[in-house]
Amino acid sequence: MFYWVVKAFLGPILAVLWQPRAEGVENVPRRGPAIMVSNHLSFSDHFFGPLPLPRKITFLAKSEYFTGTGVKGFFSRAFFTGVGQIPIDRSGGKASEAALRTGLRVLKRGDLLGIYPEGTRSPDGKLYRGRTGVARLALEAKAPVVPMAMINLEKIMPPGRTIPKLGVRPKVVFGKPLDFSRYYGMERDPRVLRAITDEIMYALMELSGQEYVDRYAQSVKAELEAEAKEARREQHASDKDRRRSDRAKRKEERRARKAAKRAERDAAESGEDGADPRE
């Protein structure tokens with residue numbers, strides 16, 4: 001119930017402020033289970049993706065959205081819990097298996113399940129390699145997969161920005177359902193799972209127009225964070241060296257001023273001692 005209240009409240013606001021566009025809504029099944037797979041550009045994906053649909057999408061959301069502290073954490077927990085999103089642990093292993101089972105329960109209810117196959121937000125607007133969990137879900141649930149491409153969302157809330165930017169018109173494109181029934185019963189074959197996942201990512205690439213990078217976004221993020229940390233360290237070291245140099249320069253200038261004063265004083269005293277006795 002809260003989901004529809006939030007949507008009824010936010011929908012008109014989002015429509016007025018950003019005038020979002022949607023294409024291919026007719027490709028989303030009106031009833032029955034389906035897996036909505038989306039590229040992940042920003043936090044605002046959660047709002048604009050489901051907006052044009054008459055059905056609720058239950059997303060598997062990262063657990064951090066439910067464990068934050070402070071005012072921001074409170075509102076994050078309240079929103080994601082209220083709209084029925086499900087927290088998942090992305091640490092892998094048993095946690096990934098638990099997330100899979102949770103997704104299967106949603107699909108068995110006949111609902112729409114939303115997944116971001118990249119596993120995390122794109123750090124630079126590019127489309128990254130998908131995780132194969134979405135393929136396992138499609139085969140085990142025997143549900144169609146509907147690509148849902150977000151466009152321009154990274155411009156509204158780029159990484160690090162907390163206040164949405166106005167003047168950007170987002171777009172969501174829903175592709176035709178992908179049927180993987182030819183692979184049913186092969187959900188344990190890693191080659192099959194990879195082939196399905198790559199097909200899904202290719203469909204998203206075609207719809208979104210993004211550049212595809214055959215690497216996991218999480219790895220790229222880690223590299224970028226390490227580079228940023230190293231740059232900050234070098235900047236800090238540079239600032240420290242500059243401050244040290246400035247202190248040495250000021251110290252040398254003080255020494256020079258003191259030496260000049262001593263020279264002036266010595267010259268004055270020498271002049272007094274050598275005064276003409278006839279005066």
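1. Strand β3, residues 57–62, runs parallel to β5 and is joined to it by three bridges. One of the pairs puts Phe59 opposite Gly114, its bridge partner in β5. The model is a predicted one, and the points below should be read with that in mind.

2. β5 has a further neighbour in β2. Strand β2 covers residues 34–38 and β5 covers residues 112–115; the two run parallel, with four bridges between them. Ile35 stands opposite Leu113 of β5, and Met36 has Gly114 as its bridge partner in that strand. Gly114 is thus named as a bridge partner both for Met36 and for Phe59.

3. The residues of β5 are buried on either face. Leu112 and Gly114 point one way from the strand, while Leu113 and Ile115 point the other way; all are buried.

4. These strands belong to an open sheet of seven, ordered β1-β8-β7-β2-β5-β3-β4, with mixed pairing. At the edges stand β1 (21–23) and β4 (86–88); each has a single partner strand, so one side of each is left without a neighbour in the sheet. From one strand to the next, the twist averages 25 degrees.

5. Which strands does helix α5 touch? Helix α5, made up of residues 133–141, packs on the sheet and touches β2, β5 and β7 (145–151). The direction of α5 makes about 165 degrees with that of β2. Within α5, the buried residues include Val134, Ala135 and Arg136, and Leu137, Ala138 and Leu139 are buried as well. After α5 comes Lys142, which has a positive phi, near 55 degrees.

6. A second helix, α7, also lies on the sheet. Helix α7 spans residues 190–208 and lies across β2, β7 and β8 (171–174). Its course is at about 40 degrees to β7. Strands β2 and β7 therefore appear in the descriptions of both helices, being touched by α5 and crossed by α7.7. The two helices also pack on one another. The angle between α5 and α7 is about 100 degrees, and their axes are 8 Å apart. That makes α5 roughly perpendicular to α7. On the α5 side, the residues in the contact are Val134, Ala135, Arg136 and Leu139; they meet Val192, Leu193, Ile196, Thr197 and Ile200 of α7. Sorted by class, the contact has seven nonpolar residues, one polar and one charged.

8. What does Glu211 contact, leaving aside its neighbours within four places in sequence? Glu211 is found in the loop between α7 and β9 (212–213). With those neighbours left aside, Glu211 is in contact with Lys126 and Leu127. Glu211 and Leu127 are 84 residues apart in sequence, yet their C-alpha atoms are 5.9 Å apart in space.

9. Some totals for the protein follow. It has eight helices and nine strands. Of its 279 residues, 39% are buried. The accessible surface comes to about 16200 Å², and carbon and sulfur atoms account for 54% of that surface. Among contacts between residues at least 6 apart in sequence, 80% join residues at least 24 apart.

Terms used. Residues numbered from 1 in each chain as written. Predicted model: local features only at pLDDT ≥ 70, side-chain atom pairs only at ≥ 80, totals over all residues. Heavy atoms only, no water. Pairing = 2+ DSSP bridges. Axes fitted to C-alpha atoms, helices over the stretch in contact; angles between N-to-C directions. Contact = heavy atoms within 4.5 Å. Buried < 20%, exposed > 50% of the residue type's maximum accessible area, 1.4 Å probe, protein only. Areas by Shrake-Rupley, 256 points an atom, 1.4 Å probe, with all protein chains shown as cover. Parallel < 35°, antiparallel > 145°, perpendicular 65-115°, else oblique. Nonpolar A, V, L, I, M, F, W, Y, C, P; charged D, E, K, R; others polar.
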